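User: I'm new to reading structures and I keep tripping over the labels people use. Could you go through this one with me and explain where the labels come from?

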Amino acid sequence: MKAVRVSRAGGPEVLHYEEVPDPQPGADEVLVKTEAIGLNYIDTYHRTGLYPLDLPFIPGLEAAGTVKTVGADTEVLQVGDRVAYSGVPASYAEYVAAPEAQLVKLPEGVDTQTGAAAMLQGMTAHYLAHGTYPLKRGDTALIHAAAGGVGLLLVQMAKACGARVFGTVSTDEKARLARDAGADEIIRYTEQDFEAEVKRLTHGRGVHVVYDSVARTTFEKSLNCLRPRGLLVLFGQSSGPVPPFDPGVLNARGSLYLTRPTLKDYTATRDELLQRAGDVLEWVQSGQLKLRIDRTLPLPAAAEAHRLLEGRQTKGKVLLIP
């Protein structure tokens, strides 16, 4: 089969489209013919070696497609089922051997491109808004990169919970997208000091929670945007990891909380995976949650896709098509 493989850590140029051995599913696995592959920021962390993997490796953690064969010990899925997943490695490929326990059947009316676009970012937004800090009516939330793939979904979920949402964006077009998703206040961080704006808009009180996927360049000011006993949720690091800091800062700035969550810990059981994925797919199916697929690119163009993502030129989800 054809796949994208990384033989050494580095920039997008290390992504090579080449012939690789077909995957051989185990007894509790199924073979999925991938039809759409989700691009996510964690793919760039693996490629650069920030989150190191054994070399060589096929990147990618999210896709959707059709079951081609099933293992002897599988119990639920059948050949021909349309499925989606998050957290299964080696997804930049025409075929993937995936544990049955990590696959979710797509409901009628949800195609594979939608399924691939919804899983990782949709469940991330779900656990952020409903798990890490369960938003409720009257809460205030600052969402960085509000027009990104997770950002647009998180804005919608936060509004559905009744929160007042502040979103940071870099361009007028992204401002429009974030506002269309429901953001109450838009802050152009390229032109405005987001800390000063949050303080102004909250009359100096600050927000209950900051959802920060940027990290290094936003960390200090994100802390300063919190009200006493507020929570900073670092769920990504697109600008690089946060340097070591003195935890006493949290005390000095109002008994603040800091957490660094990851999706796998919020889908640790099959029941939790089905509950989160089920909510997201149901909301998408009903129109309550609107996905934005920014663009689709052929799988051999994976390097271009990474450049677009790291250059902050995407507005929503990017899919790779085998």
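User: At what angle do the axes of α2 and α9 cross, and how close do they come?

Analyst: Keep in mind that this is a predicted model. In it, the axes of α2 and α9 (residues 270-286) cross at roughly 115° and come within 9 Å.

User: What makes α2 roughly perpendicular to α9?

Analyst: Angles from 65 to 115 degrees count as roughly perpendicular. The axes cross at roughly 115°, so α2 is called roughly perpendicular to α9. As for handedness, the crossing of α2 with α9 is right-handed.

User: Which residues in α2 and α9 meet?

Analyst: From α2 you have T114, A118, M119, G122, M123, H126, Y127 and H130. On the α9 side they meet L273, Q275, R276, A277, D279, V280, L281, W283 and V284. Sorted by class, the contact of α2 with α9 has ten nonpolar, five polar and two charged residues.

User: Why are α2 and α3 called oblique to each other?

Analyst: Helix α2 (residues 112-132) and helix α3 (residues 149-160) pack at about 45°, with 9 Å between their axes. To be roughly parallel, an angle has to be under 35 degrees, and roughly perpendicular runs from 65 to 115. An angle of about 45° fits neither range, so α2 and α3 are oblique to each other. The crossing of α2 and α3 is right-handed.

User: Which residues make the contact between α2 and α3, and how do they divide by class?

Analyst: Q121, G122, T124, A125, H126, L128, A129 and H130 in α2 meet G149, V150, L153, L154 and M157 in α3. By class, that contact has seven nonpolar, six polar and no charged residues.

User: What about L152 in α3: how do you know whether L152 is buried or exposed?

Analyst: Check the cut-off: buried means under 20% relative accessible area. L152 lies in α3 and has a relative accessible area of 7%, so it is buried. Leaving out residues up to four places away in sequence, L152 touches A146, A147, L177, A178, A181, R292 and G316. Also, L152 and D180 are 28 residues apart in sequence, with their C-alpha atoms 9.1 Å apart in space.

User: What puts the buried residues of α5 on the same side of the helix?

Analyst: The buried residues of α5 (residues 194-201) are F194, E195, E197, V198 and L201. They cover an arc of only 165° around the axis, and therefore sit on the same side of α5. A handy general point: an α-helix has 3.6 residues a turn, so residues three or four places apart point the same way. The buried residues of α5 pack against β8 (140-143), β9 (164-169), β10 (185-188), β11 (207-212) and α6 (219-224).

User: And the strands? Why is V104 called buried?

Analyst: V104 has its place in strand β7 (residues 103-105). Its relative accessible area is 7%, which is under the 20% cut-off, so V104 is buried. Beyond its neighbours within four places in sequence, V104 is in contact with R82, V83, A84, M119, L273, L274, A277 and L281.

User: How do you know that S86 is buried?

Analyst: By the cut-off again: 11% relative accessible area is under 20%, so S86 counts as buried. S86 is in strand β5 (residues 82-86). Not counting residues up to four places away in sequence, S86 touches L61, E62, Q102, M119, L120, M123 and L263.

User: Why is H203 called exposed, while S255 is called partly exposed?

Analyst: Exposed means over 50%, and partly exposed lies between 20% and that. H203 has 66%, so it is exposed, whereas S255 has 43% and is therefore partly exposed. H203 is in the loop between α5 and β11, and S255 is in the loop between α7 (248-252) and β13 (257-259). H203 has a positive phi of about 55° although it is not a glycine, and S255 also has a positive phi of about 55° without being a glycine.

User: What makes D265 partly exposed?

Analyst: D265, in helix α8 (residues 263-266), has 49% relative accessibility. That value is not over 50%, so D265 counts as partly exposed.

Note on methods: Residues numbered from 1 in each chain as written. Predicted model: local features only at pLDDT ≥ 70, side-chain atom pairs only at ≥ 80, totals over all residues. Heavy atoms only, no water. Axes fitted to C-alpha atoms, helices over the stretch in contact; angles between N-to-C directions. Helix = DSSP H or I, 4+ residues; strand = E, 2+ residues; numbered from the N terminus. Parallel < 35°, antiparallel > 145°, perpendicular 65-115°, else oblique. Left-handed = near helix turned anticlockwise from the far one by under 90°. Contact = heavy atoms within 4.5 Å. Nonpolar A, V, L, I, M, F, W, Y, C, P; charged D, E, K, R; others polar. Buried < 20%, exposed > 50% of the residue type's maximum accessible area, 1.4 Å probe, protein only. Arc of directions from axis to C-beta.
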